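Here are a few short exercises to work through with the model open. Try each one yourself before reading its solution.

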Amino acid sequence: MKRFLATAVLSLFVFQSSVNAAELTRSEIRELAYAGDYASLESKLSAERAQPLVESEDFFKLRRLMSVFEASDPRMVAFVAAWVDAEPGSAFAHSARSFSLSRGAWDIRGEAYAKYVHPQALAVHHNMIRQAIAHARRALELDADFIPASDALLNQSATSWDKSELLETLDRVMIQQPNWGSLRRSLGMAHQGYGGTADMLEKLCQSYAPLIPSTGPDMLFRCRYFGLKRYYFSESYDLRQTMQAAVAKDPEFDLSRAIGMTDQSDSHNRTEDEISFARKTILEQAWWRPRVVQNFDMAFRTRLGGRSLEEEITVLKIDEVKEGLRHDPFNSDLMGVIQGWIRLQGQNGSSEMTEAEMSEFRKRIEKDFALRQVIAAPFSEDNWNTLGRFQFDFFQPESLFASDPYYQNAVVYSGLKDRALYGYLGKKAHQLRMLKDVLTQEDHPDILPWKDYARSFDRSGLVNCPFLRAYLLLEQFCAANSGRGYCAEEDLASFAPQLKVAQADQNCEYINGLSPEDLAFQPVEVDLSYDPQVHWPAVE
């Protein structure tokens, strides 16, 4: 009897331990991380690590917990960096650091083709990815069977040139713990932009997809279709079209199907059931992706009697988005949802703010988010241009040129120099035109400071010389690229009057004698110190 009771108690203890481990949440991980409590975090993650991975949901839960360390919150980034120093023998710490570095590297680089990315961004990206791989390797040395550790390495399947290391890791995982998540991450090896081929994809799928337990979807089909669609091989188009009919049988591709249904060239042919499916799927799987949501509304809003999915999401998800931004403050998708919410509040009328208060709130948030975008991706032309536009203040005439350092950085970091220089010339022309227009207006208390400024501003230093420098740089580019780009005579004709004035300005004569290296714009240092915890929504 005593033995039975002891066994029952032990079973209850094991069951209770399992329940406790399963109760670990992302919020709890954050609290421990922000508190710098390495010991408690290690203990709780160890308990979670001990849970068996049987169903696909088990893998998903573990990955979901570890993904919290990817967040852009400076508190989390700092914690993860310190964690590997405090616990150098922790596979959890090294996996987390790898995830954090990889997320930061891709935020900085962006998704553009390498030839359009600034060399400094590529260098920083390469260095961070190299570190991410090193931490992933160390995590695997410490715990070869920890799925997030192998994920950390397989995440680099496209960018890592050591395919043998990746294949060895994938082989071990798929033999011991076969799962779709690991195989999916490895398919980047077949990315044709990084030296992969369709044959490589086929070999990966044939070797490992049949090993994945499945009572429903055909895992070999899933692997082939995912790889062909994600890493696009030009010769695979007909094959992918042939496979399209079978995609509906696999929920893995529900979102892909839903997004495809919003294509406006074919959306008028969609049935009511298809529209309902697309709406439900996007609401569940992509509500934080503004462009996907807006495409749905453009395709189907009229047919739905004016119902807007974007408006529905702002009602259902706004608190969740705010919470997300508190812990991932540089997440551009979440910022996009907030900006959509603010726009709709302005259109529909806010119950909490007056129209003037909402307008001021919108301006403050947009400027704040523009700064966040530059901090997250400081080598982006678009980010610098956007932040530059927010430096203007109508009540401070001199702020007309406060944007110049930002616009100059946009040119420096542009991947398309002709477009950037052409845009810079347009901005200079616009500034001068504004000041000329002011002088033609009737006197008014708000206009008088502008008139005073228009008569006294440094035209050489603020307009003529920067304009001439940019124009000569554009000429250099056009000469070196056989006139391709923004180089046609009709493109530049509108700048001729201002160019003539700038060329005649004796204060700018020195520019004509500059070497190409000295003529080029240089980065302007801008203060990017920022603590998201003292800004909305962390502080409301």
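Keep in mind that this is a predicted model.

**Exercise 1. Place leucine 416 and work out where it lies in the chain.**

Solution. Start with the secondary structure: helix H21 covers 404–412 and helix H22 covers 417–440, and leucine 416 sits in the loop between them. Next, look at how much of the residue is covered. Leucine 416 has a relative accessible area of 31%. Buried would need under 20% and exposed over 50%, so leucine 416 counts as partly exposed. Finally, look for its partners on the surface: Leu416 makes a nonpolar patch of about 330 Å² together with Tyr113 and Tyr116. To be part of a patch, a residue needs over 30% relative accessible area, and leucine 416 comes in at 31%.

**Exercise 2. Count the disulfides, using a cut-off of 2.5 Å between cysteine sulfur atoms.**

Solution. Go pair by pair. The sulfur atoms of cysteine 205 and cysteine 223 are 2.1 Å apart, and that pair forms a disulfide. Cysteine 465 is joined to cysteine 508, with S to S at 2.0 Å. Then there's cysteine 478 with cysteine 487, at 1.9 Å. The count comes to three disulfides.

**Exercise 3. Describe the link of cysteine 205 and cysteine 223: which hand does it have, and which helices does it tie together?**

Solution. Take the torsion to begin with: it is -80° about the S-S bond, and the link of cysteine 205 and cysteine 223 is left-handed. Now for the helices. Cysteine 205 belongs to helix H11 (residues 198–208) and cysteine 223 to helix H12 (residues 219–230), so the bond ties together parts 18 residues apart in sequence. As for cover, cysteine 205 and cysteine 223 are both buried.

**Exercise 4. Do the same for cysteine 465 and cysteine 508: which parts of the chain does the pair link?**

Solution. About the S-S bond of cysteine 465 and cysteine 508 the torsion is about -90°, so this disulfide is left-handed. The pair links distant parts of the chain, 43 residues apart: cysteine 465 is in helix H24 (residues 459–480), while cysteine 508 is in the loop between helix H26 (496–504) and helix H27 (509–512). Cysteine 465 and cysteine 508 are each buried.

**Exercise 5. Finish with cysteine 478 and cysteine 487, then write down the pairing of the bonded cysteines in sequence order.**

Solution. With a torsion of about -90°, the disulfide of cysteine 478 and cysteine 487 is left-handed, and cysteine 478 and cysteine 487 are buried. Now number the bonded cysteines along the protein chain: the pairing reads 1-2, 3-6, 4-5.

Conventions: Residues are numbered from 1 along each chain as its sequence is written. This is a predicted model: local features need pLDDT of at least 70, side-chain atom pairs count only at pLDDT 80 or more; totals for chains, interfaces and linings use all residues. Side-chain values use heavy atoms; hydrogens and water are left out. Patches are made of residues with over 30% relative accessible area and no salt bridge: like charges are joined within 9 Å, nonpolar side chains (Val, Leu, Ile, Met, Phe, Trp, Tyr) within 5 Å. Accessible areas come from the Shrake-Rupley method with a 1.4 Å probe; for residues, only the protein chains shown count as cover. A salt bridge is a side-chain nitrogen of Lys or Arg within 4 Å of a carboxyl oxygen of Asp or Glu. Helices (H or I, at least four residues) and strands (E, at least two) are DSSP runs, numbered from the N terminus. Buried means under 20% relative accessible area, exposed over 50%, partly exposed in between (1.4 Å probe, protein chains only).
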